[in-house]
Amino acid sequence: FEQMGQPQAQIAVFGAGHVGSALVPLLASLPCRVRWIDSRETEFPEVLPPGVEKVVSEEVVDEVAEMPAGSYFIVMTHNHQLDLELTAAILKRNDFAYYGLIGSRTKRVKFEHRLRERGFAADVVQRMRCPMGLPEVKGKLPMEIAISIAGEVIATYNATFGQKEAKQGESSVARLLPDSRRARS
């Protein structure tokens with residue numbers, strides 16, 4: 001398959017474990033730009049999919065600031081405390097298009113409590129997708145989870161695809177209509 005046009009999503013994937021290793025090639029085959037981030041060099045495969053930037057950093061949380069506004073963040077590290085710190089950094093920015101955290105509903109409840117203690121507003125915390133992925137996909141295999149997450153990413157960027165162009169087109173048409181027709185449309 002050949003990618004067409006500009007990337008729909010700039011994605012930071014935190015975690016190079018089993019699910020990350022299944023997910024990143026899927027995302028790389030989509031109209032996405034992917035930064036794959038982990039502190040453990042040995043977890044990355046020897047060969048990366050084309051278009052994937054590997055980032056090995058001891059200060060993984062600092063990588064959140066490297067992403068542009070409107071980015072997609074996917075957190076699936078090997079460490080719950082690191083997941084919490086990444087979550088806090090991402091929610092503090094509050095300029096993301098999508099934020100997904102791997103985990104159960106129990107993990108979500110614990111994180112919501114800890115984030116409230118840190119002063120995060122409920123509406124900001126509600127933007128976090130945890131568990132992430134399509135709820136209809138119940139599989140537990142890394143590839144099943146990865147496909148579910150990729151499906152949710154696709155649904156998110158498809159939901160806004162073309163909206164900017166449509167709004168520009170609507171405003172151009174509105175300027176051409178007489179005042180009496182503009183009020184009815």
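**Exercise 1. Find which residues of helix α1 are buried, and what they pack against.**

Solution. Start with the list: Val19, Gly20, Ala22, Leu23, Val24, Leu27 and Ala28 are the buried residues in α1. Keep in mind as you click through them that this is a predicted model. Next, look at the spacing. An α-helix has 3.6 residues a turn, so residues three or four places apart point the same way. Try that on Val19, Ala22 and Leu23, which are among the buried ones. Finally, look across from the helix: the buried residues of α1 pack against the strands β1 (9-14), β2 (32-38), β3 (52-56) and β4 (72-75), and against helix α5 as well.

**Exercise 2. Work out how α1 and α5 are oriented to each other, and which residues make the contact.**

Solution. Take the geometry to begin with. Helix α1 covers residues 18-28 and helix α5 covers residues 142-160; their axes come within 8 Å and cross at roughly 45°. Now classify the angle. Under 35 degrees would be roughly parallel, and 65 to 115 roughly perpendicular. The two helices fall in neither class, and α1 and α5 are therefore oblique to each other. As for the hand, the crossing is right-handed.

Then pick out the side chains. From α1 come His18, Val19, Ala22, Leu23, Leu26 and Leu27. From α5 come Pro142, Met143, Ile145, Ala146, Ile147, Ile149, Ala150 and Val153. Sort them by type and you get 13 nonpolar, one polar and no charged.

**Exercise 3. Decide whether Ser148 is buried or exposed, and name its contacts away from its sequence neighbours.**

Solution. Locate it: Ser148 is in helix α5. Check the cover: its relative accessibility is 5%, and buried means under 20%, so Ser148 counts as buried. For the contacts, skip the neighbours within four places in sequence; that leaves Gly133, Leu134 and Val137.

**Exercise 4. Track down the backbone oddities at Pro131 and Asn94.**

Solution. First, a rule of thumb: most residues other than glycine have a negative phi, and most peptide bonds are trans. Now go to Pro131, in the loop between β6 (128-129) and α5. The peptide bond that leads into it from Cys130 is cis, with omega near 0°.

Then move to Asn94, in the loop between α2 (80-93) and β5 (98-101). Asn94 isn't a glycine, yet its phi is positive, at about 55°. With a relative accessible area of 35%, Asn94 is partly exposed.

**Exercise 5. Find what Gly103 is in contact with, leaving aside its neighbours within four places in sequence.**

Solution. Gly103 lies in the loop between β5 and α3 (105-117). At 30% relative accessibility, this glycine counts as partly exposed. Its contacts outside the local stretch are Cys130 and Pro131, the two residues of the cis bond. For a distance check, try Arg129: Gly103 and Arg129 are 26 residues apart in sequence, and their C-alpha atoms are 9.6 Å apart.

**Exercise 6. Step back and describe the whole chain.**

Solution. Count the elements: seven helices and six strands. Read them in order and you get β-α-β-β-β-α-β-α-α-β-α-α-α. Of the 185 residues, 38% count as buried. For contacts between residues at least 6 apart in sequence, 61% join residues at least 24 apart. Last, the surface: the chain exposes about 10,900 Å², with carbon and sulfur atoms supplying 54% of it.

Methods:
Residues are numbered from 1 along each chain as its sequence is written. This is a predicted model: local features need pLDDT of at least 70, side-chain atom pairs count only at pLDDT 80 or more; totals for chains, interfaces and linings use all residues. Side-chain values use heavy atoms; hydrogens and water are left out. Axes are lines fitted to C-alpha atoms, for helices over the stretch in contact, and angles run from 0 to 180 degrees between N-to-C directions. Helices (H or I, at least four residues) and strands (E, at least two) are DSSP runs, numbered from the N terminus. Angles under 35 degrees count as roughly parallel, over 145 as roughly antiparallel, 65 to 115 as roughly perpendicular and the rest as oblique. A crossing is left-handed if the near helix is turned anticlockwise from the far one by less than a right angle, and right-handed if clockwise. Contact means heavy atoms within 4.5 Å. Ala, Val, Leu, Ile, Met, Phe, Trp, Tyr, Cys and Pro count as nonpolar, Asp, Glu, Lys and Arg as charged, and the others, Gly among them, as polar. Buried means under 20% relative accessible area, exposed over 50%, partly exposed in between (1.4 Å probe, protein chains only). Accessible areas come from the Shrake-Rupley method with a 1.4 Å probe; for residues, only the protein chains shown count as cover.
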